[in-house]
Amino acid sequence: MTHRNVSRIAVFASGSGSNAENIVNYFRQEDSRAEVALIVCNRAEAGVIARAERLGVECVVIPRPEWAEADTVIQLLADRGIDYIVLAGFLLMVPPALTARYAGRMLNIHPSLLPRYGGKGMYGRKVHEAVVAAGETVTGITIHRVTERYDEGAPVFQATVEVSPADTPETVEAKIHALEKQHFPRVIAETFLGKQ
Ligand code: GRF
């Protein structure tokens with residue numbers, strides 16, 4: 001029996017997958033204690049699929065109707081020996097059976113300083129539009145544990161960035177993506193595996 005000492009992470013994504021790519025590369029270049037063994041997507045047209053192919057990471061598309069129950073995704077994760085789940089721009093509710101099975105082993109990133117600008121319907125560009133429209137002078141990212149309800153899990157990390165009157169939702173989004181790239185992979189490693 002060979003003893004796997006490399007933890008296996010699945011990244012769930014619905015969009016372009018820039019966070020998924022950052023996380024794959026981080027564990028290939030900075031921290032060999034884990035690897036992204038699987039990317040799971042709910043949309044056949046998502047950009048993350050092409051990224052996964054280019055990165056040589058298995059990507060499985062589970063269509064939206066199959067997310068109502070957790071059976072399909074739980075079976076896939078068991079088959080691939082997945083230890084941890086990271087939601088990176090994943091836009092579906094995670095089935096309660098999955099959050100229960102991976103309690104303490106699942107993280108999500110949200111592109112605002114929760115609890116502000118969180119909850120149903122607040123994702124991606126919509127968050128930055130609301131932040132700019134409200135005239136906020138600071139925004140940021142929140143990395144948090146995942147529970148059955150949107151964005152209500154315990155935060156494990158937040159980072160902030162200034163918002164100036166000249167900022168637009170697009171420029172705020174670029175600042176947020178830079179924060180995500182800088183912090184998300186390391187926070188995943190430290191939360192699941194401890195500091196290096
Ligand atoms: C990121 O802004 C993330 O904070 C939010 O959705 C976006 C995902 O972007 N949850 P990508 O698909 O990782 O490029």
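**Rings, bridges and lone cysteines**

Modeller: F12 and F90 are both buried (under 20% relative accessible area; over 50% is exposed and in between is partly exposed, with a 1.4 Å probe on protein chains only). This is a predicted model, where local features need pLDDT of at least 70 and side-chain atom pairs 80 or more, while totals for chains, interfaces and linings use all residues. Residues count from 1 along each chain as its sequence is written, and side-chain values use heavy atoms, without hydrogens and water.

Colleague: OK, so what kind of pair do the rings of F12 and F90 make?

Modeller: There are 5 aromatic pairs in the structure (Phe, Tyr or six-membered Trp ring centres within 6.5 Å; planes under 30 degrees apart are stacked, over 60 edge-to-face, the rest tilted). For F12 and F90, the ring centres are 5.4 Å apart and the planes sit at 65 degrees, so we call this pair edge-to-face.

Colleague: How many residues apart in sequence are the parts that F12 and F90 tie together?

Modeller: F12 belongs to strand β1, and F90 to the loop between β4 (84-87) and α4 (96-101); helices (H or I, at least four residues) and strands (E, at least two) are DSSP runs numbered from the N terminus. The pair therefore ties together parts whose separation in sequence is 78 residues.

Colleague: Which residues do ring pairs link into a cluster?

Modeller: Two members have already come up, F12 and F90. Add a tryptophan to them and you get the cluster of F12, F90 and W67.

Colleague: Now the cysteines. How far is the sulfur of C59 from the closest cysteine sulfur?

Modeller: The model has 0 disulfides (cysteine sulfur pairs within 2.5 Å). C41 is in none of them, with C59 offering its nearest cysteine sulfur. C41 counts as buried because its relative accessibility is 0%, whereas C59 is partly exposed at 24%. Seen from C59, the closest cysteine sulfur is in C41, and it is too far for a bond, at 5.6 Å.

Colleague: Which residues of helix α5 are buried?

Modeller: Helix α5 spans residues 124-133. Its buried residues are V127, H128 and V131. They cover an arc of only 95 degrees around the axis (taken from the directions from axis to C-beta atoms), so they lie on the same side of α5. The trio to remember, then, is V127, H128 and V131.

Colleague: How many residues apart are E136 and R116?

Modeller: Their side chains meet in a salt bridge with N to O at 3.0 Å (a Lys or Arg side-chain nitrogen within 4 Å of an Asp or Glu carboxyl oxygen). E136 is in the loop between α5 and β6, and R116 is in the loop between β5 and α5, so the pair links distant parts of the chain, separated by 20 residues.

Colleague: Is D31 buried or exposed?

Modeller: D31 shares a salt bridge with R33, at 2.8 Å from N to O. R33 has 25% relative accessibility, so it counts as partly exposed. D31 has a relative accessible area of just 2%, which means it is buried.

Colleague: And which residues are joined into one network by salt bridges that share partners?

Modeller: The whole structure has 12 salt bridges. One of them pairs D167 with K175, the closest N and O atoms being 2.7 Å apart. D167 is buried at 10%, and K175 is partly exposed at 28%. Bridges with shared partners form one network from E21, R51 and R54.
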